[in-house]
Amino acid sequence: MFDNLDDLIMHINARTLDRLHDLMLEEQARHSDPMARLLQLGHSYIRFADREPHRWELVFEHRLPEGQEPPDWFREKVARMFALVEANLRPLASDRSAKEIKQAAAALWSGVHGICILAISKQLDVAGVDSVQELTHSLMSNYLKGFVDTHD
């Protein structure tokens, strides 16, 4: 039983995050190279949002009432998405600190998420983008090249 509508939506969104996480794990497992695995994560994310836009949008559009925080179990589901990115960044930039890896994962994934939002809302069509996957690949590969090859 659910406490209220927000609780129900949180549980639906948790199931969506589980499905997305499973897909990302399954598809990245096809690659042994950390760079290829990272790129695959981005492609999997975009593909999931394209195939299940209403579920994907609900995860990011639902707002809890002011002052109410998501439960810890939900935060853990979100955190493990970023953990996938962090786990594959570490071997590529082993001289980077844990804080730098965490920040890079958040920056990279925020960029992929932004592409996803623009694609779902058809805003990339207006901008003349032909391939969301190519745009995602370009963003990720160029960001990763800079993160791996340069040091502050």
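Is Lys122 buried or exposed? Select Lys122 and look: Lys122 is exposed, with a relative accessible area of 51% (exposed means over 50%, buried under 20% and partly exposed in between, using a 1.4 Å probe and protein chains only). Before moving on, note that this is a predicted model, in which local features need pLDDT of at least 70 and side-chain atom pairs count only at pLDDT 80 or more, while totals for chains, interfaces and linings use all residues. Residues are numbered from 1 along each chain as its sequence is written, and side-chain values use heavy atoms, with hydrogens and water left out.

**Stop 1: the loop at Lys122**

Stay with Lys122, which is found in the loop between H5 and helix H6 (123-126). Lys122 is not a glycine, yet its phi is positive, at about 65°.

**Stop 2: the whole chain**

Now show the chain as a cartoon. You should find 7 helices and 0 strands (helices, H or I of at least four residues, and strands, E of at least two, are DSSP runs numbered from the N terminus). The chain has a radius of gyration of 16 Å, close to the 15 Å that the globule rule gives for 152 residues, so it is as compact as a globular protein of that length. That radius is taken over C-alpha atoms, and the rule is 2.2 Å times the number of residues to the power 0.38. Along the principal axes, the C-alpha atoms fill a box of roughly 50 × 40 × 30 Å. Of the 152 residues, 38% are buried.

**Stop 3: the nonpolar cores**

In soluble globular proteins, nonpolar side chains tend to be buried together. Select Met24, Tyr45, Val85, Leu89 and Trp109: they have the most contacts inside the largest nonpolar core, which has 31 residues. (A nonpolar core is a set of buried Ala, Val, Leu, Ile, Met, Phe, Trp, Tyr and Cys residues joined through side-chain atoms within 4.5 Å.) H1, H2, H4, H5 and H7 each give two or more residues to this core, and the largest share, 10 residues, comes from H5.

Next, centre the view on Tyr45. Which residues is Tyr45 in contact with, leaving aside its neighbours within four places in sequence? They are Leu20, Met24, Trp56, Phe60, Trp109, Val112, His113 and Cys116 (contact means heavy atoms within 4.5 Å). Apart from the largest core lies another one of 6 residues, among them Met10, Leu17, Val59 and Phe74.

**Stop 4: the largest pocket**

Keep Leu17, Val59 and Phe74 selected and add Phe60 and Val78: of the 21 residues lining the largest pocket, these five lie nearest its centre. (A pocket is an open set of points on a 1 Å grid over the protein atoms alone where a 1.4 Å probe fits, with protein on both sides within 12 Å along at least five of seven lines; lining residues have an atom within 4 Å of a point.) Helix H1 (5-28), helix H3 (53-61), helix H4 (72-89) and helix H5 (98-120) each give two or more residues to the lining. H4 provides the largest share, 5 residues. The space inside is about 480 Å³, a volume being the space filled by probe spheres set on the points, which are joined across faces, edges and corners.

**Stop 5: the second largest pocket**

Finally, come back to Lys122, which is one of the residues lining the second largest pocket, together with others including Ile46, Arg47, Cys116 and Val132. Helix H2 (34-51), H5 and helix H7 (132-149) each give two or more residues to this lining, and H2 gives the largest share, 4 residues. The volume of this pocket is about 180 Å³.
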